[in-house]
Amino acid sequence: MYLPYNFGGLNNQSYKKAKVVVLPISLEKTVSYMPGTKFGPRAIINASRYIELFDIEMGRDLSQIGIFTLPELLFAKKSLEESIKEIKQAALNLLKDKKFILSLGGEHTISYGLISAFKEKYKDFSVLQIDAHSDLRDEYEGTKFSHACVMRRVRDLGISVTGVGIRSQDETEIGYMKKKKIKTIFYAPMIPLKKIISSLSKNVYITFDVDGLDPSIMPSTGTPEPGGLGWYEVLSLIKQVAKERKIVGADIVELSPLKGIIFPDFLAAKLAYKIIGYSL
Ligand SMILES: [Mn+2]
């Protein structure tokens with residue numbers, strides 16, 4: 001059987017009818033250690049084609065929501081700043097068309113462009129970040145737009161960010177948190193659901209760095225950290241957020257596919273399905 005190359009391997013895609021638009025962004029410019037995250041979107045889309053569209057938990061075929069996959073955004077010769085601008089513009093266009101954006105990365109920097117666009121559309125708005133790292137450095141390896149600075153830049157926009165699964169920070173990040181009196185970083189392995197949800201505004205954007213998960217289930221990432229979150233834990237979290245708040249968009253970033261180890265690609269694809277299903 002031939003499965004078309006799009007999220008879900010769908011035979012019929014219609015942009016007009018789709019509520020969800022999958023936006024693959026293969027940006028990889030500031031990765032610190034193991035490269036390969038530019039291949040993340042392709043691996044997730046490929047895996048998504050072999051996953052059941054019917055979700056047992058939700059009792060429905062998620063493709064019925066209407067999912068449309070855009071071609072990958074590529075940035076070969078563009079600067080980081082130009083790339084971010086382009087990402088923001090792409091997101092603004094989709095938001096204007098009232099689409100739910102599910103973006104696939106690519107390095108975490110993409111979230112800055114995406115979130116900037118959401119900030120223009122939504123007023124009562126905050127970000128839920130699932131990640132091993134708080135990404136609060138002011139600068140890293142000479143750039144302010146490194147993946148290691150992305151949540152600092154988002155906070156610079158005046159957006160509240162709640163971090164979950166965090167277990168790696170440097171001293172300057174702790175200093176920044178103290179100075180800004182930031183109390184919305186929740187360290188792994190704890191997931192205090194009530195506190196997390198009460199820290200979130202009405203409209204929530206989820207940025208999911210796959211290294212927030214435990215490396216035993218998610219080894220395919222550039223800078224893995226031991227002691228991460230489990231599959232059912234993050235699902236319960238996202239499900240509860242969807243119940244009590246409105247999830248308005250999401251991204252899954254930092255997947256660096258490993259040759260011959262496909263289960264993490266399938267995990268990321270299933271996670272994308274779950275986010276879509278819980279949110280819509
Ligand atoms: Mn991270």
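Glu-254 is buried in this predicted model, because its relative accessible area is 9% and the cut-off for burial is under 20%. The residue sits in the loop between strand S10 (246–253) and helix H8 (263–279). Although Glu-254 is not a glycine, its phi is positive, at about 70°. Most residues other than glycine have a negative phi, and most peptide bonds are trans.

**Backbone exceptions**

Lys-181 also departs from that pattern, with a positive phi near 55° in a residue other than glycine. Lys-181 belongs to the loop between H5 and S8, just after H5. Is Lys-181 buried or exposed? Lys-181 counts as exposed because its relative accessibility is 64%, and the limit for that class is over 50%.

Two peptide bonds are cis. One joins Gly-105 and Gly-106, and Gly-106 is found in the loop between strand S5 (100–105) and helix H3 (110–121). The other cis bond joins Ala-188 and Pro-189; Pro-189 has its place in the loop between S8 and helix H6 (193–198). The backbone values are listed below.

| Site | Feature | Angle |
|---|---|---|
| Gly-105 and Gly-106 | cis peptide bond | omega about 15° |
| Ala-188 and Pro-189 | cis peptide bond | omega about 5° |
| Lys-181 | positive phi | phi near 55° |
| Glu-254 | positive phi | phi about 70° |

**Helix H5**

Helix H5 spans residues 171–179, and its residues Glu-173, Tyr-176 and Met-177 are buried. These three cover an arc of only 100° around the axis, which puts them on the same side of H5. An α-helix has 3.6 residues a turn, so residues three or four places apart point the same way. What does the buried side of H5 pack against? The buried residues are packed against H4 and strand S8 (185–187). On the face turned away from them, H5 carries the exposed residues Glu-171, Lys-178 and Lys-179.

**Manganese site**

Which residues coordinate the manganese ion? Asp-131, Asp-209 and Asp-211 contribute OD atoms, with Asp-211 listed twice, and His-133 contributes ND1; the distances run from 2.2 to 2.7 Å. Along the sequence, the donor residues follow the spacing D-x1-H-x75-D-x1-D. Asp-131 lies in the loop between strand S6 (125–130) and helix H4 (150–156), while Asp-211 lies in the loop between strand S9 (203–209) and helix H7 (231–244), so this pair ties together parts that are 80 residues apart in sequence. Asp-131 and Asp-211 are both buried.

The histidine donor, His-133, is placed in the loop between S6 and H4. His-133 counts as buried because its relative accessible area is 14%, against a limit of under 20%. Leaving aside residues up to four places away in sequence, His-133 touches Ile-166, Ser-168, Asp-211, Thr-223 and Glu-225. One of these contacts, Asp-211, is itself a donor to the manganese ion.

**Largest pocket**

Rolling a probe the size of a water molecule over the atoms shows where empty space is left. The largest pocket has a volume of about 280 Å³. Its lining is made up of 20 residues, and those nearest the centre are His-133, Arg-137, His-147, Ala-148 and Thr-223. His-133 thus appears both in this lining and among the donors of the manganese ion. Thr-223, also near the pocket centre, is one of the residues that His-133 touches. By residue class, the lining has five nonpolar, eight polar and seven charged members.

How values were computed
Residues numbered from 1 in each chain as written. Predicted model: local features only at pLDDT ≥ 70, side-chain atom pairs only at ≥ 80, totals over all residues. Heavy atoms only, no water. Donors = N, O, S within 2.8 Å, 3.2 Å for Na, K, Ca; no water. Helix = DSSP H or I, 4+ residues; strand = E, 2+ residues; numbered from the N terminus. Buried < 20%, exposed > 50% of the residue type's maximum accessible area, 1.4 Å probe, protein only. 1 Å grid on protein atoms, 1.4 Å probe; cavity = no way out; pocket = protein on both sides within 12 Å on 5 of 7 lines; lining within 4 Å. Points joined across faces, edges and corners; volume = space filled by probe spheres on them. Nonpolar A, V, L, I, M, F, W, Y, C, P; charged D, E, K, R; others polar. Arc of directions from axis to C-beta. Contact = heavy atoms within 4.5 Å.
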